[in-house]
Amino acid sequence: MTHDALVVGGGIGGLATALALGRSHLDIQMLEQASAFGEVGAGLQLGPNATRVLADWGLTEALNACAAFPDALQVRDALGGERLGRLSLGSQARARYGQSYATLHRADLHALLLQAVRQLPQVHLALNARVTGYIESTNVVRVTGENEAVYDARALIGADGLWSRVRSQLLGVQPVRASGHLAYRGMARSADLPAALRAPLVTAWLGSKLHMVHYPVRQGNWFNVVVVVHGVLGQGHGGAVGVDPQSWTHAAHAADLRRTLGAAHPDLLQMVDAVPRWTLWPLNDRPPISGPQTHARGRVALLGDAAHPLRPYLAQGAAMALEDAWTLGRLVEQQPAGADIPWADVFERFAQVRWARNARVQRRSKRNGSIFHASGLVRWGRNTAMAVLGESLLDLPWLYSGPPQP
Ligand SMILES: Cc1cc2nc3c(=O)[nH]c(=O)nc-3n(C[C@H](O)[C@H](O)[C@H](O)COP(=O)(O)OP(=O)(O)OC[C@H]3O[C@@H](n4cnc5c(N)ncnc54)[C@H](O)[C@@H]3O)c2cc1C
């Protein structure tokens, strides 16, 4: 059979795409390489631009049931502990943007999207379905998988993440870019934290060559903690052998992290010590997307990390994948009912609407990393700017008021 569209990848971007297109009653086949959807990963932040997308899909109630909604973002110095900046979130974010600023576990976001997709009978999900390549002909894209599986569709969407197979075929093989940064990630139970650290806040600690962020998830019962340091996996951080750069679950040693943090502020160290188990992820990305032709060509489109992987310093990885999926869904909804979807035209418009915004978020995320980890004069300039400009430096209306209407 020939499906309307094939979606490669069942992460946040893939599920969101299946949902966005399935709502238009299209016949969608989603192909995910994993054998099961598990509890992998840690926390995610969703700005009002992302919660707006979920609200449009009727998922606000499901979000409310699993997320936390912090009152504010505070920025503190990792050594001295002094507050450098603050941005009100909570009711203020809702007043400014009409939507919430949410923090949640990736597995919870994934589960709520999966539940919504499962309500759509014309969306089919296949696990254990690793895609190896595709052939595009005039009217059809034929996708091949392991075990000689073959799938046909009118369109193909690569939502297969940073190491995307679809991207390699569409744009040619290009190596990912190592950032030289490693993320230690873990979760602390709120009940194990002193009262001051249990406040419903996103806290970003800035130090020289490192920063740490923590925020509540699971309705405040847990805190997600991430510490980003400069370093290389296996060299003073984690075990040395069997390193799989694509894994999200490298075991980390708390002692390595403690050594790297040195004489950080006691509040920061208390939060670190409350995390029973750490994982370690090398952070990689790609140069910013350079034009619409890197988002889509003919009947093939890329979205989420496959198109524009992000460093996590603007907390927009999942949000941009949701925005991409929503945009594609809107463009399909705008097509006349009953007519064949002109996929190449839809993808061309999709790429036009999305590429510059995604490139801007990629650039801004990378720049934030340098600012967060600064020392010397740059650090002084950063702290002064935060003191003088206050909230206006941390608030990002161009970002949080999105996604742009296609
Ligand atoms: C297991 C996992 C855990 C994560 N945890 C976090 C987290 O805690 N915090 C955070 O900020 N970000 C996390 N991320 C990254 C974050 O989800 C993404 O940056 C963002 O949501 C964009 O999502 P995406 O769907 O574009 O890519 P991804 O989330 O990477 O999803 C890509 C999907 O495609 C599948 N896939 C890849 N290649 C193939 C293939 N050839 N055939 C079929 N399927 C394929 C992968 O198995 C994966 O499910 C995680 C990603 C993964 C895969």
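**View 1. Residue classes in the shell around the ligand of this predicted model**. By class, the shell holds 13 nonpolar, eleven polar and seven charged residues, where Ala, Val, Leu, Ile, Met, Phe, Trp, Tyr, Cys and Pro count as nonpolar, Asp, Glu, Lys and Arg as charged, and the others, Gly among them, as polar. In total 31 residues surround the ligand, the closest being Gly13, Glu32, Ala42, Arg106 and Asp305, with a residue included if one of its heavy atoms lies within 4 Å. The model is predicted, and local features need pLDDT of at least 70, side-chain atom pairs pLDDT 80 or more, while totals for chains, interfaces and linings use all residues. Residues are numbered from 1 along each chain as its sequence is written, and side-chain values use heavy atoms, without hydrogens and water.

**View 2. Backbone polar contacts of the ligand**. Polar backbone atoms of Ala42 and Ile12 lie 2.4 Å and 3.4 Å, respectively, from an oxygen atom of the ligand, and a backbone N or O atom of Gly43 is 3.0 Å from a ligand nitrogen atom; a polar contact here is a pair of N or O atoms within 3.5 Å.

**View 3. The largest nonpolar core**. This core, a set of buried (under 20% relative accessible area, 1.4 Å probe, protein chains only) Ala, Val, Leu, Ile, Met, Phe, Trp, Tyr and Cys residues joined through side-chain atoms within 4.5 Å, has 52 residues, and Leu46, Trp57, Leu109, Leu113 and Leu322 have the most contacts inside it. A second, separate core of 30 residues includes Leu84, Leu87, Val361 and Leu396.

Definitions and conventions
Buried < 20%, exposed > 50% of the residue type's maximum accessible area, 1.4 Å probe, protein only. Polar contact = N/O pair within 3.5 Å; in protein donor to acceptor, adjacent residues only side chain to side chain.
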